[in-house]
Amino acid sequence: MTAALEVRNVSKWFGDTVALSDVSFESSPGVVGLLGHNGAGKSTLFGLLAGFSSPSQGTVRVLGLDPRDDPSVHARMGLVPDGEGLWPFLTARQTVELLARHRGVTAYEKAAAAALSTVGLVEAADRKVAGFSKGMRQRVRLAQALAHDPEVLLMDEPLNGLDPAQRRADVDLVRELGGSGRTVLVSSHILAEVERMADRVLVVVNGRLVAEGTPAGVQELLAQSARTVRVETDDPRKLAGLLLREAHVDSVGIDEHAVVVHTSDGAQLAVQLPQLAAKARILLLRVIPIGEDLESVFTRLTASARGAGR
Amino acid sequence: MTLLELSLRSVVRGKRVIAVVLLPVLVGFVAVMLAVTAGASDRSDAYATLGGELLVLVLALVGLVLGVNAFGDERDEGTLGLLLATTVPRPRIVLTKYAAAFAVTWIACLPATLGCLWLATATDLSFGTAVWSLLLTSLLAAAAYSAVFVLLSLVLRRAILVGLAYLVLWEGLLAGATTAFRNLSVGAYASRVAAAPWDDPPFDVADVAVGVAAVVLVLVTVATVAAAAWRLPRAHV
């Protein structure tokens, strides 16, 4: 069986600006999280998958079809585009019905009603969208992506503008959609969200796919590579001097009673640190790994990619 | 709600509709006033000015205001992505948007067209010729101008400014000043059709027969709409 989303060696540039650089991945059923800061190329990737632009190089396939050439793919694909765009003069129901109808749903009234109830927009369904809050607009945009019961869902920052309760509800909804055999690609610049929604994470930095795996796997990948550890000690100067002689230590910083160590090999540091301290009779008060969560991993990848690129 | 209904509603919304309605109503009102109050020879001159020249300008301006929003609004409000995330063949999206802009432009200009028709009855020109030439002028000019501005709205972000510059500089100044450029102006062909009741048109028109002018306008419309239909699937959204 071919993957629902297939991106092969895709690059996209606008003039001199490279938005995506040699990105390849295949989706798997379930939720795939696309993690990246604003401007990393997430929306460009969604645009390519939705057929709104052509890749400068490489191929994009959705359900085996080229979305640029074949708009019929939208009958089986749901899209929540970036931003908050909606026709202000339509009601929520009109919007969802219109779009379901033009994606080949014959019973579009029923489908729209069901989708609106899924996203919790029943009472406000017949009000004009112009008066809606950001969160309500986002629910309409979610509903239109669900109404035609698509096999593939592309959601570009679907949690933007939602309050915490709505965020939680939508995280659950995305998980549920992914659990029902659909392929869901969901982007975010917030790591905690992606971690909670996705079975698999793709990390995009400056248009490049820099890491890929389960949320835990991505963490592990990063733990094996560079990380930052804060060591509180009674003699930070002496410890810093000793650590600097080690090959795996990239740099050290002294911060009051602590040494902040940047290392390329966290595992080796964990072994060496107690040995060094014992030999030099330095007291280790606390060892705090700073690079444990995806957030810092992501920040560091971003920083190194920035340093390497542009 | 169909795509055509959506397109029609997005054309007629907002404050711009007031401006779009006021201008033709004003021209129509002036035409009727002149028909009622002016002397016989003045009425003929007035009809030449209003029915021949001003009507085409009104159609151009209304066509501009309504046409450039066909895709401009969708892009500004971020709804183009939703519109394109449908199975509707792209040329049909363009045709529907165009049909809405054209229909509303023609209807919005009816007060001016009908006012000029009233004025025509008060002149000694052939009424039958005045009727068909006015209706044909309004239909063909609305069709051609809408097509040009819908295409502009698809290609450019600042379609209204470029469209206005096109009307003032190309259609107005260049076509008004030189005969060579006159035959390259939509307005001059439309005026040629409007000048059908006169043996010798009392205002500047394209240097062709009435039938040829009508065919040129139809061809310009078809070619421009086709260009827009070709362009949408290739546009970057």
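Reader: Okay, which residue stands opposite A:Leu154 in S7(A)?
Author: Keep in mind that this is a predicted model. Strand S6 (residues 152-155) and strand S7 (residues 183-188) of chain A run parallel, and 4 bridges join them. Across that pairing, the residue that stands opposite A:Leu154 is A:Leu185.

Reader: In what order do the 6 strands of the open sheet in chain A come?
Author: S6 and S7 sit next to each other in this sheet, and its pairing is mixed. S6 and S7 give the parallel sense, while S8 and S9 pair antiparallel. Read across the open sheet, the order is S5-S6-S7-S3-S8-S9.

Reader: And which are the edge strands there?
Author: Look for the strands that pair on one side only. The two ends of the order S5-S6-S7-S3-S8-S9 fit that. So to speak, the sheet's borders are strand S5 (77-80) and strand S9 (208-213) of chain A.

Reader: By how many degrees are neighbouring strands of this sheet turned against each other on average?
Author: This is an average over neighbouring strands, with their direction ignored. For the sheet of 6 strands it comes to 15°.

Reader: Which helix lies across S5 and S6 of chain A?
Author: The helix in question runs at about 170° to S5(A). S5 is one of the edge strands, and the helix also lies across S6. Its residues are 134-146 of chain A, and its name is helix H4.

Reader: In the hairpin of S8(A) and S9(A), which residue takes a positive phi?
Author: Strand S8 (residues 200-205) and S9(A) pair over 5 bridges in the antiparallel sense, with A:Val203 and A:Ala211 as bridge partners. The hairpin has 2 residues between its strands. One of them has a phi near 45°, and that is A:Asn206.

Reader: What about the hairpin of S11(A) and S12(A): where is the positive phi?
Author: Strand S11 (residues 249-255) and strand S12 (residues 258-263) of chain A are antiparallel and share 6 bridges. A:Gly253 has A:Val260 as its bridge partner in S12(A). Between the strands lie 2 residues, and a phi near 55° is found at A:Glu256.

Reader: What is the order in the open sheet of 3 strands?
Author: The pairing in this sheet is antiparallel. Its edge strands are S2 (17-26) and S4 (57-62) of chain A, each pairing on one side only. Strand S1 (residues 5-14) is joined to S2(A) by 6 bridges, and A:Lys12 stands opposite A:Leu20 there. Put together, the order is S2-S1-S4.

Reader: Which helix lies across S1, S2 and S4 of chain A?
Author: Neighbouring strands of that sheet are turned by 25° on average, direction ignored. The helix across them covers residues 42-50 and runs at about 120° to S1(A). The name you want is helix H1.

Reader: How much area do chain A and chain B bury between them?
Author: The contact takes 25 residues from chain A and 26 residues from chain B. Of the buried area, 66% is on carbon and sulfur atoms. The area itself is about 2,300 Å².

Reader: How many residue pairs are in polar contact across the interface of chain A and chain B?
Author: Salt bridges don't help you here, as the count between the two chains is 0. For polar contact, both residues must be at pLDDT 80 or more. With that cut-off, the number of residue pairs is 9.

Reader: Which helix gives the largest share of the side of chain A that touches chain B?
Author: The residues on that side divide into 13 nonpolar, 8 polar and 4 charged. The largest share is 4 residues, and they come from residues 92-101 of chain A, that is, helix H2.

Technical notes. Residues are numbered from 1 along each chain as its sequence is written. Chains are lettered from A and ligands numbered from 1 in the order in which they are written. This is a predicted model: local features need pLDDT of at least 70, side-chain atom pairs count only at pLDDT 80 or more; totals for chains, interfaces and linings use all residues. Side-chain values use heavy atoms; hydrogens and water are left out. Two strands pair if DSSP finds at least two bridges between them. Axes are lines fitted to C-alpha atoms, for helices over the stretch in contact, and angles run from 0 to 180 degrees between N-to-C directions. Contact means heavy atoms within 4.5 Å. Buried area is the accessible area (1.4 Å probe) that two parts lose on being put together, summed over both. A salt bridge is a side-chain nitrogen of Lys or Arg within 4 Å of a carboxyl oxygen of Asp or Glu. A polar contact is a pair of N or O atoms within 3.5 Å; within protein, one must be able to donate a hydrogen and the other to accept it, and residues adjacent in sequence count only if both atoms are side-chain atoms. Ala, Val, Leu, Ile, Met, Phe, Trp, Tyr, Cys and Pro count as nonpolar, Asp, Glu, Lys and Arg as charged, and the others, Gly among them, as polar.
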